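Here's a quick walk through one model, with the metal site and a few charged pairs as the main stops. Have a look at it first.

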Amino acid sequence: MTAILIVAPKLIDVENKRILDNMEVLVENGKIKEVGKVNSTDSKGAQRIEFEEGYLMPGLIDAHLHLMGGRSESYIEESLIVPDGLKIIRATNDAKALLDAGFTTVRDCGSSAAVHVREAIREGEAVGPRILTSVFILTQTFGHGDFHSIPENWVDARTSGRGSALICDGVEECRKAARHAFREGADFIKICTTGGVMSQKDKPENTQFTVEEIRAIVEEANHVNSYTASHAQGTEGINNALKAGVKTIEHAIYPNEETVKLGKENDAVFILTLTIAKTIAEEGEKAGYPKWAVEKAAQAMNDYIKNIRFLVSSGVKIGLGTDFFGSKLTKMGTNARELVALVKDAKLDPWLVLEAATINNAKACGLEGKTGVVKKGYFADLILVKDNPVEKIETLLNTSNIALVMKEGKVYKKL
Ligand SMILES: [Zn+2]
């Protein structure tokens, strides 16, 4: 691979919250070799890509989505009726749209398609971001990952051959389900320790799995140098997950002071997903979401922004995700909506939101020190944005503003 030198008038240094003028980045063998002022690096023989305008920054990361090739809002039917082959083709197109939108890494929190798309991208058969996937969602009987209205053996992926649910109760079944997930190619384990908006008969505040069950799963993940992520919305379920050693808390709608203490002790990342809650609350009814889901989303929205601000002010690590699955309301490639919502609706500092989408999300993906920063030794995952996203975050929504997408040293898009 020949070396590439990228020259840009501005470089967004997210780590130090500053913008540097007239910079160049030397890339070799997929990694960043040197970063410095224009004409300061040893770039003899390198291919030169120079931009007259724009802001170079780390590639974006969505730390929570479902690359399942959804096309309607009826996610239960999509999950169980659409054949896997079709899902994989749709999800492959979605992966391409994500890369085009500047997302160079995504974390799939449960889908049967993502693991195959991941392999196709690795082989060079398909184009897309770096994918980390849990493949499955571990859930207790009557948990958030269980579809409460249909027969149980239609739900569990081991008996239905469809979808991504693994139903497990008790320490031994939990261990076995975690081992099964790794057997099928999971990069990490996803569990549900509370109910949720999109599960019919439970509530976001309901606690699911015992601490012992969670601990067994965390232990299995640790055995293979991996980690556990938990869908956790209610207070007790969030805190149970943290007590058992879970590393990423997904959604985190109702945290309390103990959450903050446990989160810091655990060095956990809290993955905020404001857009999905807002979208279902505001547009769900018209789009055909079940009434109970729309009502629960609206209820959660009452507290979510306040609690996001509480988490941020408490100093825990914040990441972000969309929970998008590819439907009209959750279209892949529009994932920067989460960054915009956190700045515009939750009124967070844009620097903090960029840090969440890069450095902290890299940590949530288990890629700390490998991506998310424009620094020597990191993967050359870089994008160039035409306008300054610190001043105008919505610039990220328009993919024609993303003038360069480089993933691991390879240019996938250049306008
Ligand atoms: Zn999710």
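Is D84 buried, partly exposed or exposed? At 25% relative accessibility, D84 is partly exposed; buried means under 20% relative accessible area, exposed over 50%, and partly exposed in between (1.4 Å probe, protein chains only). Its salt-bridge partner K87 is buried at 2%. The two sit 3 residues apart in helix α2 (residues 84-100), so about one helical turn separates them.

A word on the ground rules: this is a predicted model, where local features need pLDDT of at least 70, side-chain atom pairs count only at pLDDT 80 or more, and totals for chains, interfaces and linings use all residues. Residues are numbered from 1 along each chain as its sequence is written, and side-chain values use heavy atoms, with hydrogens and water left out.

Searching the whole structure turns up 33 salt bridges (a side-chain nitrogen of Lys or Arg within 4 Å of a carboxyl oxygen of Asp or Glu). Among them are these:

| Pair | Closest N to O |
|---|---|
| K17 and E355 | 3.8 Å |
| D84 and K87 | 3.6 Å |
| R118 and E119 | 2.9 Å |

R118 and E119 also belong to one network with R122 and D187, joined by salt bridges that share partners.

Now the metal. H64 (NE2), H66 (NE2) and D323 (OD) coordinate the zinc ion at 2.1 Å; donors are N, O and S atoms within 2.8 Å of the metal (3.2 Å for Na, K and Ca), and water is not among the atoms, so sites may look incomplete. H66 and D323 are 257 residues apart in the chain, and both are buried.

How values were computed:
Helices (H or I, at least four residues) and strands (E, at least two) are DSSP runs, numbered from the N terminus.
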